[in-house]
Amino acid sequence: AGQTLDQDHLELVSPWPQSSLQLGQVSGLALDSDSNLVIFHRGDHHWGADSFNSQARYQQRALGPIQQSTILVVDPGKGNILKASGRNMFYMPHGITTDKENNYWVTDVALHQVLKVSGDGGDRTLLTIGEAFIPGSDSSHLCQPTDVAVDTHTGNIFVSDGYCNSRILKFSADGKYLSEWGAGSSDRRRRVAFKVPHSLVFLPDRREVCVADRENGRIQCFIAETGEFVKEIKKEEFGGEVFAISYSPAGDGLIFAVNGQSPYRSAPLRGFVINYSTKDILDTFSPKTEEFMMPHDIVETRDGSVFVGDAGSKSVFKFTSEKFHRSV
Ligand SMILES: O=C(N[C@@H](O)C(=O)O)c1ccccc1
């Protein structure tokens, strides 16, 4: 017989990492092609109430870029640092994704840009989308873009834009604007009106892109090719805010998500494992010993471990479960 997906409960692995990573606010997590964990953090910069003015312009430019290494590649087993890069480049890191060549696609909400950065530790900027420090909402300006997803079949990239826009844009691998959808974009046909599209994931087996529509407390999925709406996953258990999502094709597809603190409703901050097809919540998890403060991104590694980056507690939490039991 085949594998049965017997999703036990995800439990915190402690201590992890075995030695301190000296992290700032952790804003993004990704996996590289060796299934190592990539951490994108803010060093000594903080996103606070006075970081931006009412026109979404970054106010601390005089501080200069973050001097610490903002991109750390760590081994998922012990959390040892394998590579450190991203110094002197970023002001307010947000999302990070890798592509097949192990380049990093990152967003910086102070720069209002997406940057494609070489993953060889050389920090070469291979491509940028958006004008540094200039917010906008046309095809060459973004406003606090939050994440990138890479369509592994076509190489096209999707950008969730952002805190001060509410749209998803599609670009070719070399940065040519292709299309966009969501409120605030030219195309108003769609039924979607995002409120802070905060995290994106590409589903390689379904060729869909899903977005964590943060302030609407819901996940929406679209056909990558056309932007056509496919489905929505909205759960009371989210408590009104979904901060980040990830996906595993295992079984009939698993969505991993973390929720956020809602000003209107109190819901415990947790991770969720959701069956993509049935929308059933298969598991929820949290650190137990200490609470999540601002779970901000989530990824699953090949061996089934789940990592959550927390921008509030400036830490990464590792969870594991005895995920697969082979039925004989
Ligand atoms: O959401 C916020 N931040 C987090 O998502 C983050 O740190 O990326 C935020 C919004 C307004 C003011 C201050 C912080």
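What follows is a chat about the fold, pockets and cavity of a predicted model.

Colleague: Before the pockets, how many helices and strands does the protein have?

Modeller: There are 26 strands and 0 helices in the protein. Keep in mind that the model is predicted.

Colleague: And why would you call it as compact as a globular protein of that length?

Modeller: Because its radius of gyration is 18 Å, close to the 20 Å that the globule rule gives for 328 residues. Along the principal axes, the C-alpha atoms fill a box of roughly 60 × 50 × 40 Å.

Colleague: What share of the residues is buried?

Modeller: Buried residues are 58% of the 328. As for the outside, the accessible surface is about 13400 Å², and carbon and sulfur atoms hold 47% of that.

Colleague: OK, pockets. What volume does the largest one have?

Modeller: The largest pocket comes to about 900 Å³. Its lining has 33 residues, and those nearest the centre are Leu31, Thr98, Val201, Phe202 and Tyr247.

Colleague: Which elements give two or more residues to that lining?

Modeller: For the largest pocket, they are β3 (26–31), β7 (93–98), β11 (145–150), β15 (197–203), β19 (242–248) and β23 (295–300).

Colleague: How does the lining of the largest pocket split by class?

Modeller: It has 16 nonpolar, 10 polar and 7 charged residues.

Colleague: What about the second largest pocket, how much space lies in there?

Modeller: About 210 Å³. The second largest pocket is lined by 16 residues, with Trp16, Pro17, Ser315, Val316 and Phe317 closest to its centre.

Colleague: Which strand gives the most to that lining?

Modeller: Strand β25, residues 315–320, which gives 4 residues to the second largest pocket. By class, that pocket's lining divides into 9 nonpolar, 4 polar and 3 charged.

Colleague: Switching topic: how many cavities of 30 Å³ or more does the structure hold?

Modeller: Just 1 cavity of 30 Å³ or more. The largest cavity has a volume of about 40 Å³.

Colleague: Which residues line the largest cavity?

Modeller: Ser27, His94, Gly95, Thr146, Asp147, His198, Ser199, Phe243, Ala244, His296 and Asp297. The elements giving two or more residues to that lining are β7, β11, β15, β19 and β23.

Colleague: And how many of the cavity's lining residues are polar?

Modeller: The lining of the largest cavity has 7 polar residues, along with 2 nonpolar and 2 charged.

Colleague: Last one, on contacts: what share is between residues 24 or more positions apart?

Modeller: Counting contacts with a separation of 6 or more, that share is 48%.

Key:
Residues are numbered from 1 along each chain as its sequence is written. This is a predicted model: local features need pLDDT of at least 70, side-chain atom pairs count only at pLDDT 80 or more; totals for chains, interfaces and linings use all residues. Side-chain values use heavy atoms; hydrogens and water are left out. On a 1 Å grid over the protein atoms alone, a cavity is a set of points where a 1.4 Å probe fits but cannot get out, and a pocket is an open set with protein on both sides within 12 Å along at least five of seven lines; lining residues have an atom within 4 Å of a point. Grid points are joined across faces, edges and corners, and a volume is the space filled by probe spheres set on the points. Ala, Val, Leu, Ile, Met, Phe, Trp, Tyr, Cys and Pro count as nonpolar, Asp, Glu, Lys and Arg as charged, and the others, Gly among them, as polar. The radius of gyration is taken over C-alpha atoms; the globule rule is 2.2 Å times the number of residues to the power 0.38. Buried means under 20% relative accessible area, exposed over 50%, partly exposed in between (1.4 Å probe, protein chains only). Contact means heavy atoms within 4.5 Å. Accessible areas come from the Shrake-Rupley method with a 1.4 Å probe; for residues, only the protein chains shown count as cover.
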